[in-house]
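Colleague: I have a new structure to look at and I'm not sure where to begin. Could you walk me through it?

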Amino acid sequence: MADCIFCKIANKEIPAQVIYEDEQVLAFNDINAVAPTHILVIPKKHISDMNSVEEIDLPLIGHIFKIIKNVAKEKGIDKEGYRIVNNCGELGGQTVGHIHFHLLGQRQMKWPPG
Ligand code: AMP
Ligand code: ZN
């Protein structure tokens, strides 16, 4: 996707503070952190949003959750707890049209979200 900012980050056309990378997945610091730990985990494959996840993508999505778990442990926030967020579409608050999962930690989260 030529105009997708997260595809550009995945392709290294735009810099990011990379936390973890493998063939399928990239994790990097959010540029506008809303918590002391705020990491975005994305598939390198362009998938627009949760609505666009297909059967064939399910192993990839599972892999992303494994990476989130591992990154949380490596960051030392696994025991104290953290939040995983996926925003989908307008009412979900999605602003970047490449599926991503926010890993938020090191502050008390509230429920319900705003
Ligand atoms: P969402 O509102 O769920 O679509 O989240 C998009 C997130 O991407 C926001 O938290 C932004 O701060 C973050 N973001 C946008 N551009 C960049 C960038 N170039 N590098 C890192 N994070 C970004
Ligand atoms: Zn993309």
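Modeller: Please keep in mind that this is a predicted model. A good place to start is the largest nonpolar core, which has 17 residues, and those with the most contacts inside it are V25, I39, V41, I64, I68, F101 and L103.

Colleague: Which helices and strands each supply at least two residues of this core?

Modeller: There are β2 (25–29), β3 (37–43), α2 (58–74) and β5 (101–105), each supplying at least two residues of the core. Of these, α2 gives the most, with seven residues.

Colleague: Is there some general background for that?

Modeller: Yes: in soluble globular proteins, nonpolar side chains tend to be buried together.

Colleague: And what does F101 touch?

Modeller: Leaving out residues up to four places away in sequence, F101 touches I39, L40, V41, M50, I61, I64, F65, I68, I84, V85 and N86. Apart from the largest core lies another core, of 10 residues, and among them are C4, I9, L26 and I42.

Colleague: Let's turn to the metal. Which residues coordinate the zinc ion (ligand 2)?

Modeller: The zinc ion (ligand 2) is coordinated by C4 through SG, C7 through SG, H46 through ND1 and H98 through ND1, at 2.0 to 2.3 Å. The site is tetrahedral, with angles of 104 to 117 degrees among the four donor atoms, and along the chain the donors follow the spacing C-x2-C-x38-H-x51-H.

Colleague: Why would the pair C7 and H46 be said to tie parts together?

Modeller: C7 lies in helix α1 (residues 5–10) while H46 lies in the loop between β3 and α2, so the pair ties together parts that are 39 residues apart in sequence.

Colleague: Are those two buried or partly exposed?

Modeller: C7 counts as buried because its relative accessibility is 7%, whereas H46, at 21% relative accessibility, counts as partly exposed.

Colleague: There is another histidine I wondered about, so where is H63?

Modeller: H63 is in helix α2, and because its relative accessibility is 16%, H63 counts as buried. Not counting residues up to four places away in sequence, H63 touches D22, Q24 and V25.

Colleague: New topic, then: how many salt bridges does a search of the whole structure find?

Modeller: The search finds four salt bridges. In one of them the side chains of K45 and D57 meet, at 2.4 Å from N to O. This pair links distant parts of the chain, with K45 and D57 each in the loop between β3 and α2, 12 residues apart.

Colleague: How accessible are K45 and D57?

Modeller: K45 counts as partly exposed, at 41% relative accessibility, but D57 counts as buried, at 3%.

Colleague: And what does K79 form a salt bridge with?

Modeller: K79 forms a salt bridge with D78, and the closest N and O atoms are 3.6 Å apart. K79 counts as exposed, at 74% relative accessibility, while D78 counts as partly exposed, at 26%.

Colleague: Which residues are joined into one network by salt bridges that share partners?

Modeller: That network joins K12, E21 and K44. Within it, the side chains of E21 and K12 meet in a salt bridge of 2.9 Å, N to O. E21 is partly exposed, with a relative accessible area of 35%, and K12 is also partly exposed, with a relative accessible area of 48%.

How values were computed. Residues are numbered from 1 along each chain as its sequence is written. Chains are lettered from A and ligands numbered from 1 in the order in which they are written. This is a predicted model: local features need pLDDT of at least 70, side-chain atom pairs count only at pLDDT 80 or more; totals for chains, interfaces and linings use all residues. Side-chain values use heavy atoms; hydrogens and water are left out. A nonpolar core is a set of buried Ala, Val, Leu, Ile, Met, Phe, Trp, Tyr and Cys residues joined through side-chain atoms within 4.5 Å. Buried means under 20% relative accessible area, exposed over 50%, partly exposed in between (1.4 Å probe, protein chains only). Helices (H or I, at least four residues) and strands (E, at least two) are DSSP runs, numbered from the N terminus. Contact means heavy atoms within 4.5 Å. Donors are N, O and S atoms within 2.8 Å of the metal (3.2 Å for Na, K and Ca); water is not among the atoms, so sites may look incomplete. Four donors count as tetrahedral if all angles lie between 85 and 135 degrees; four count as square planar and six as octahedral if opposite donors are over 155 degrees apart and all others between 65 and 115; anything else is irregular.
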